[in-house]
Each structure stands twice: as structure tokens, then as C-alpha cells.
Amino acid sequence: MSHVRGEPHYDAGTPVFTDIWVSPAGNSGTSRSTPLATVAEAWRRIPTGTLSRANRIRLLAGTYTGQNRSSTPYPGAF
């Protein structure tokens, strides 16, 4: 990735991601073929207190209604 000369930048290297999949039709799984049912549960699956591994919440296509959403605000969350 290029950057503007003189601008500070950070080389993130090659992070290792743990993907957490969510689908309105999901249940209690953690893979794309068996996703979680709610974004709130996906947030709960992210360990706290560690920055050694990157986590990514991946949303599969579908209609996310009130029961799929978390009522807890998260910084930077949609």
C-alpha cells in the first residue's frame, strides 16, 4: 500500500484474522456455513484485553431486524 510522502503511516504487516460470521438465519455456529444469528452474539465472541489477534465480524446477506441487532452502542459500529 502506498502513502503520501511525508505523511505518517503504519505498516500493519500481515495480520491473522478470526472471522465471526452472522446471518439472520443463523444459529450457534462460528463458520460461514453455520453463522451466528445476531451481531450482539458476535461482539460477545470477541475476546477482551488482547490485541494479539484481529477479529472481523462478517455479515451475510439478509434482513437484519431489531432482534438481530445489539442495543449496546459500540464505537465505530454501524
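The accessible surface of the protein comes to about 6200 Å², and carbon and sulfur atoms account for 53% of that surface. The model is predicted. Its 78 residues include a buried share of 21%. The protein has 1 helix and 3 strands. Read from the N terminus, the order of elements is β-β-α-β.

**Fold and contacts**

- Strand β1 spans residues 17–31.
- Strand β2 covers residues 34–36.
- Helix α1 takes in residues 39–44.
- Strand β3 runs through residues 54–59.
- Take the contacts between residues at least 6 apart in sequence: 52% of them join residues at least 24 apart.

**Nonpolar core**

- The largest nonpolar core is built from 7 residues: Ile20, Val22, Leu36, Val39, Ala42, Ile46 and Tyr64.
- Strand β1 and helix α1 are the elements that each supply two or more residues to this core.
- Ala42, one of the core residues, belongs to helix α1.
- Ala42 has a relative accessible area of 0%, so it is classed as buried.
- Beyond four places in sequence, Ala42 makes contact with Ile20, Val22, Leu36 and Ile57. Of these partners, Ile20, Val22 and Leu36 are also listed in the core.
- From Ala42 to Arg58 the C-alpha distance is 9.2 Å, with 16 residues of sequence separation.

**Ser23 and Thr34**

- Ser23 sits in strand β1.
- Is Ser23 buried or exposed? Ser23 is buried, because its relative accessible area is 9% and the cut-off for buried is under 20%.
- Ser23 touches Pro35, Leu36, Ala37, Leu60, Ala61 and Tyr64, leaving out residues up to four places away in sequence.
- Two of those partners, Leu36 and Tyr64, are members of the largest nonpolar core.
- Thr34 is part of strand β2. Its relative accessible area is 36%, so Thr34 counts as partly exposed.
- Thr34 and Ser23 are 11 residues apart along the chain, and their C-alpha atoms are separated by 8.8 Å.

**Salt bridges between strands β1 and β3**

- The whole structure contains 4 salt bridges.
- Side chains of opposite charge can pair when their charged atoms come close.
- Asp19 pairs with Arg56 in one salt bridge, where the closest N and O atoms are 2.6 Å apart. Asp19 is in strand β1 and Arg56 in strand β3, so this pair ties together parts that lie 37 residues apart in sequence.
- Asp19 also forms a salt bridge with Arg58, at 3.4 Å from N to O. This second pair likewise links distant parts of the chain, with Asp19 in strand β1 and Arg58 in strand β3, 39 residues apart.
- How exposed are the three partners? Asp19 is partly exposed at a relative accessible area of 24%. Arg56 is partly exposed at 31%. Arg58 is partly exposed, also with a value of 31%.

**Salt bridge within helix α1**

- Arg44 and Glu41 meet through their side chains in a salt bridge of 3.1 Å, N to O.
- Why is the spacing of Arg44 and Glu41 about one helical turn? They are 3 residues apart in helix α1, so about one helical turn separates them.
- Arg44 is exposed, because its relative accessibility is 58% and the cut-off for exposed is over 50%.
- Glu41 is partly exposed, with a relative accessible area of 22%.
- Elsewhere, salt bridges with shared partners join Asp19, Arg56 and Arg58 into one network.

**Aromatic rings**

- The ring of Phe17 has the charged end of Arg56 over it, 4.1 Å from the ring centre.
- Arg56 thus has two recorded partners here: the ring of Phe17 and the side chain of Asp19.
- How many aromatic pairs does the structure hold? The count is 0.

How values were computed. Residues numbered from 1 in each chain as written. Predicted model: local features only at pLDDT ≥ 70, side-chain atom pairs only at ≥ 80, totals over all residues. Heavy atoms only, no water. Phe/Tyr/Trp six-rings, centres within 6.5 Å; stacked < 30°, edge-to-face > 60°. Lys NZ or Arg CZ within 6 Å of the ring centre and 35° of its normal. Helix = DSSP H or I, 4+ residues; strand = E, 2+ residues; numbered from the N terminus. Buried < 20%, exposed > 50% of the residue type's maximum accessible area, 1.4 Å probe, protein only. Contact = heavy atoms within 4.5 Å. Areas by Shrake-Rupley, 256 points an atom, 1.4 Å probe, with all protein chains shown as cover. Core = buried A, V, L, I, M, F, W, Y, C linked by side-chain atoms within 4.5 Å.
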